[in-house]
Each structure stands twice: as structure tokens, then as C-alpha cells.
Amino acid sequence: MQLALEIDLSAASLQAQVFRQIHGLIVSGRLRPGTRLPGSRALSEQLGVSRNTIILAYETLTAEGYLESREGAGTYVSNTLPDSSLSVADSFTNRATHTKPIHLFVPVAEEAKRSTFPNEIVCDFALESTDPACFPRSVWRRLTNWRMQSSKFNLTYSGTPKGLRELRETLAGYLGASRGISCSPDQIVIVTGVQQALNVAAHLFVRAGTTVAMEAPGCSATADLFRAYGANIAPVPVDQSGIVVKHLPQSSMSLAFVTPVRQYPMGVMLSASRREVLLDWANQTDSHIVEIDFDTEIRYQGSPPPPLKSLDTFGRVVYVGSFAASIGPGLRVGYMVLPPHLVNLAVHAVSLLDHGFPCTGVPWLEQAVLNDFIETGAFEKHLRKIRKTYMARRDCLVAALQKHVGSVQINPVHCGTHLVWELPPDFPSAVKLQTLMLKQQIGVYTLRDQNIGDADYLENCDRYLLLGFAALAEPAIEEGISRLAKAL
């Protein structure tokens with residue numbers, strides 16, 4: 001491999017030129033941790049300088065912690081770079097190198113917005129739920145056994161905060177084909193789920209007073225997390241086309257948190273025109289976007305819209321994905337796709353969040369088995385199965401509502417694992433209906449529930465009932481809606 005170096009042979013201190021340019025490649029992220037550098041002889045021939053010049057430059061970079069020499073293997077970029085390397089000389093990254101200590105807590109809600117459902121609930125239309133019976137246990141067991149019997153099996157391997165290389169390679173290919181996201185494996189960081197990804201994003205972008213635009217209504221826990229890092233939350237209303245971009249804050253160096261493929265909790269999709277405006281806003285205000293895509297795979301008709309990340313030409317979008325909806329939340333594997341200039345910073349944040357020593361990140365075995373699950377085609381087969389199962393349950397829920405209630409206004413029906421039912425004018429409010437349903441031992445949800453915030457930004461927010469269906473068999477769905485009709 002040749003390095004992109006340009007040496008002025010007529011200038012003084014050739015060694016300093018080599019040092020500065022290699023250092024610049026490392027701290028800008030173009031030479032990534034673990035990259036093997038050319039041998040001193042090869043690089044001296046490439047640049048037309050003495051081999052001793054290269055050796056001295058390598059030795060200086062090694063002494064400062066940017067390179068490491070591996071006996072018999074060559075010279076590599078250090079896996080753990082010194083703190084000074086986090087100061088990247090471009091406008092995007094300078095703002096992310098603040099030294100504010102990372103916070104590892106989320107404040108507890110002052111008061112629950114509803115009581116916990118009692119134990120005698122017999123049918124719970126829980127949101128963002130999965131059916132444990134759909135977990136591919138036989139295939140997962142076989143792949144786990146195969147890994148454990150492999151000569152490469154090693155649970156003593158501590159891993160790296162960036163994640164298993166082969167899984168990142170597989171995800172890069174998968175995202176290119178399924179999402180249209182062009183990225184290298186080195187732009188992907190494996191995390192324990194969306195929550196850890198949000199902590200990393202907050203560490204990168206949020207300091208005291210940073211404006212964070214949040215969809216309203218949206219996830220209250222996410223808003224609490226950003227507040228814990230000192231953010232000022234700016235709720236932005238949502239309508240049938242997604243977040244209303246004309247209400248985005250105009251303060252510079254802000255952050256926007258969005259769920260464009262299926263907005264939580266309303267289920268709407270961000271329109272193409274608003275996607276363009278949102279990206280322009282980020283570029284014009286020197287801001288960034290955290291794009292959460294938690295269940296694109298759970299889609300029943302048509303193709304999903306392109307992620308913001310696939311349209312991002314300015315390095316403004318951090319894309320976060322998870323397998324919680326498609327495989328199960330217990331797997332605890334998610335991933336971030338970052339602009340190249342933010343990768344090292346994100347890895348540093350992950351290493352702070354993961355208190356193990358050495359930093360272990362996501363357990364090796366889970367990453368390895370997930371990689372094999374995708375690579376062998378078992379993941380696609382599993383997706384076909386759960387789409388068919390969940391679509392039947394969705395159709396059962398819609399049919400039961402139409403049978404027992406009559407014509408219903410529902411959104412969305414094309415994707416996801418819950419429906420948003422706009423109640424007829426002659427029905428009680430969603431909160432009152434929820435209370436009536438509890439007496440029938442049925443759990444349903446409203447926009448006033450604890451995990452949903454800023455509902456008042458939505459007109460008639462008390463007229464929406466949320467019904468999850470993924471974890472309920474069809475007879476239970478029919479029974480639950482029948483009891484709803486009795487409650488009315």
C-alpha cells in the first residue's frame with residue numbers, strides 16, 4: 001500500500017514533513033487504527049528520501065503513541081490513539097472534542113404518567129414488542145455450536161470497542177444492498193443497542209446549552225438522555241409527512257434526532273422533500289442528525305424510503321440500526337454508521353461507556369453468530385417468516401376493529417409492529433378508554449404514557465390509541481378487541 005504523502009525535497013527537515021503528514025492522516029481518520037503501514041524501505045523508495053528519514057519519523061510517531069511496532073509483522077496505526085489525536089483539523093470535528101466528562105445516567109421521571117399495568121392483565125397490546133416464539137432458536141443454536149467448535153473459538157478474546165471486524169464487513173455489504181448506504185467497515189461501530197448509540201452521539205455532539213431538535217410527540221427517554229448531557233430540547237411538531245422541518249431551530253451546531261422511516265410513536269414516514277430540507281438545514285447550520293432506523297425490516301408492502309444517510313454528502317448524518325425488532329431486544333447488538341472524521345471519536349466514547357478493562361464492547365460470540373446468521377442467508381429467511389406472521393396479526397387486528405367497532409381510521413399499516421388508531425368523535429378520550437380497558441384486563445396505550453413525550457404538540461393528541469400486535473397470537477387479538485367493544 002502506498003500512502004498519500006507529498007514531500008518537498010527542496011525544503012528542510014524531510015523527517016518533519018513525513019511525521020506531520022502521517023500524523024495528519026491518522027488524526028483525520030484516513031489512516032484508521034490497526035492499518036499496516038508500508039515498510040520503511042518501500043516508503044523511502046516511494047518518496048525518494050533516505051530510509052533513515054522514514055525510520056526516524058516512524059520512531060517519533062511510535063514514541064508519541066500513534067504507531068506501534070509488532071515484532072515480525074511491521075508497523076501499524078495504534079488501536080488506542082493518544083487524546084491529542086482527537087483534535088481533527090476540520091470544522092465538523094473541532095466542536096466534538098470538548099472535554100466535558102461523560103455522564104452515564106438518565107434522570108428518573110418525576111412522576112409516572114400512568115400506573116403500571118396490574119399483574120392480572122390477560123392481553124397486553126404492548127408497543128415495540130416481539131414474540132419470543134419467533135426467535136430462530138434452532139438456527140441460532142446450530143450457528144453457536146459451530147462457532148464454539150471452531151478452532152478460532154476464544155471467549156477469552158477481549159474484543160475491541162469498534163466491534164468484530166467480520167461483522168462490520170458483513171453489515172457494510174448488507175446496508176449497501178438493503179439500504180443504499182455506501183460505507184466501509186471502518187465507518188461502522190458495533191454497540192449494545194440504540195441506548196448506547198445515543199450516549200455515544202451525545203458525547204460527540206452535546207455540551208451544556210446545545211440545542212437538540214426532537215420529534216414531538218417522541219420518545220421521552222431519549223429527550224431525558226440528551227438533557228443529562230446538558231442539552232436544551234427543542235420539540236418540533238410531527239404531521240402526516242413526518243417532522244415539520246420549517247420549525248427546526250436555526251441555532252448553529254445543533255443536533256436533530258429523527259426516526260424518518262417510521263416515526264415513533266405516530267408511525268408516519270418522512271417525505272422525500274422534507275428529507276432534502278433536513279439535510280440542507282444540517283449543512284447550513286453546521287449541525288448533525290442522528291437517524292434511528294430500528295425496524296425497517298418489518299415492512300409489509302413496497303420498498304422502504306432511502307435513509308438520510310444514503311443521501312448525506314456532507315458528513316452530517318449518524319445512522320443507528322438495531323436488531324431488537326427483527327431478532328429480539330435480548331441480543332443487545334446494534335450499530336452506528338458514522339462519517340469517517342467521527343469514527344475515532346465514537347470509538348473513544350464507546351471505550352468510556354464500556355467500563356471493562358480492557359474494553360470488551362459487545363461480547364464476541366454474539367457478534368460472531370450474528371455475522372454467520374446474516375452471511376448464511378438465515379437472517380433473510382427469518383425476516384420472511386416474521387413479516388408473514390406479523391402481517392397476519394396486523395390484518396387480524398384491523399379486521400377485529402372493523403368487526404366490533406365499524407369503520408376505523410388507522411395509521412400506519414405498511415410497516416412496524418403497532419397501529420395508531422384515531423378514535424371516532426363519539427368515543428371517550430384515549431386515556432378514559434385505557435382506563436375502561438384495564439377493567440377488562442386489557443392493556444392499551446396512549447400518547448400520555450410514560451415513554452412518550454411532548455404529545456401536546458400534536459393536535460387532538462388525546463384522540464389516539466396505540467395498539468401493538470407483534471407479541472399477540474390472533475385469538476388473543478380478537479379477544480382483546482371484543483373486550484374493548486364490551487367496555488364501550
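In this predicted model, Pro265 sits in the loop that connects strand E9 (255-258) with helix H9 (272-284). The peptide bond from Tyr264 to Pro265 is cis, and its omega is near 15°. A second cis peptide bond joins Ala216 and Pro217, with omega about 5°. Pro217 belongs to the loop between strand E5 (211-216) and strand E6 (218-219).

Positive phi values occur in loops as well. Asp286 is not a glycine, yet its phi is positive, about 55°. This residue lies between H9 and strand E10 (288-293), in the connecting loop. Asp454 is another residue other than glycine with a positive phi, here near 60°. Its loop runs between strand E17 (452-453) and strand E18 (464-468). Asp454 has a relative accessible area of 27% and is therefore partly exposed, as the buried class ends at 20% and the exposed class begins over 50%.

Strands E5, E9 and E10 belong to an open sheet of 8 strands. The strand order is E4-E12-E11-E10-E9-E5-E7-E8, and the pairing is mixed. Strand E4 (188-191) and strand E8 (242-243) form the edges. Each has a single partner strand, so one side of each lacks a neighbour in the sheet. Strands of a sheet pair through backbone hydrogen bonds, in either the parallel or the antiparallel sense. Both senses can be followed here, pair by pair. E5 and E9 are parallel and share 3 bridges. Within this pair, Ala213 stands opposite Ala256 of E9. E9 also runs parallel to E10, to which it is joined by 4 bridges. Val258 has Glu291 in E10 as its bridge partner. At the E8 edge, strand E7 (residues 232-239) and E8 run antiparallel and are joined by 2 bridges. Asp239 faces Gly242 of E8 there.

The side chains of E9 point in two directions. Leu255 and Phe257 point one way. Ala256 and Val258 point the other way. All four are buried.

Helix H7 (residues 194-205) and helix H8 (residues 220-228) pack against each other. Their axes come within 10 Å and cross at roughly 35°. The crossing is right-handed. H7 contributes Gln195, Leu198, Asn199 and Ala202 to the contact, and H8 contributes Thr222, Leu225 and Phe226. By class, this contact of H7 with H8 comprises 4 nonpolar residues, 3 polar residues and no charged residues. An α-helix has 3.6 residues a turn, so residues three or four places apart point the same way. Burial in H7 extends beyond the residues that meet H8. Of its 12 residues, 10 are buried, so H7 is largely enclosed by the rest of the structure. The buried set includes Leu198, Asn199 and Ala202, which also meet H8. Val200, His203, Leu204 and Phe205 are also among the buried residues of H7. The length of H7 agrees with expectation: at 1.5 Å a residue, its 12 residues should span 16 Å, and the end C-alpha atoms are 16 Å apart.

Helix H13 (residues 378-404) has 27 residues. From first C-alpha to last it reaches 39 Å, close to the 39 Å expected at 1.5 Å a residue. Gly406 follows H13 and has a positive phi, near 110°. Phe379 is located in H13. Its relative accessibility is 1%, so Phe379 counts as buried, the cut-off being 20%. Leaving aside residues up to four places away in sequence, Phe379 touches Tyr174, Glu297, Phe323, Ser326, Ile327, Phe373 and Ile374. Of these contacts, Ser326 is 53 residues from Phe379 in sequence, with a C-alpha to C-alpha separation of 9.0 Å.

A further open sheet has 4 strands in the order E13-E14-E18-E16, with antiparallel pairing. Strand E13 (409-411) and strand E16 (445-446) are its edges. Each has a single partner strand, so one side of each is left without a neighbour in the sheet. Strand E14 (residues 418-422) and E18 are antiparallel and pair over 5 bridges. Trp421 has Leu465 in E18 as its bridge partner. H13 packs on this sheet and touches E13, E14 and E18. The direction of H13 makes about 20° with that of E14.

Note on methods:
Residues numbered from 1 in each chain as written. Predicted model: local features only at pLDDT ≥ 70, side-chain atom pairs only at ≥ 80, totals over all residues. Heavy atoms only, no water. Expected span 1.5 Å × (residues − 1). Pairing = 2+ DSSP bridges. Buried < 20%, exposed > 50% of the residue type's maximum accessible area, 1.4 Å probe, protein only. Contact = heavy atoms within 4.5 Å. Axes fitted to C-alpha atoms, helices over the stretch in contact; angles between N-to-C directions. Left-handed = near helix turned anticlockwise from the far one by under 90°. Nonpolar A, V, L, I, M, F, W, Y, C, P; charged D, E, K, R; others polar.
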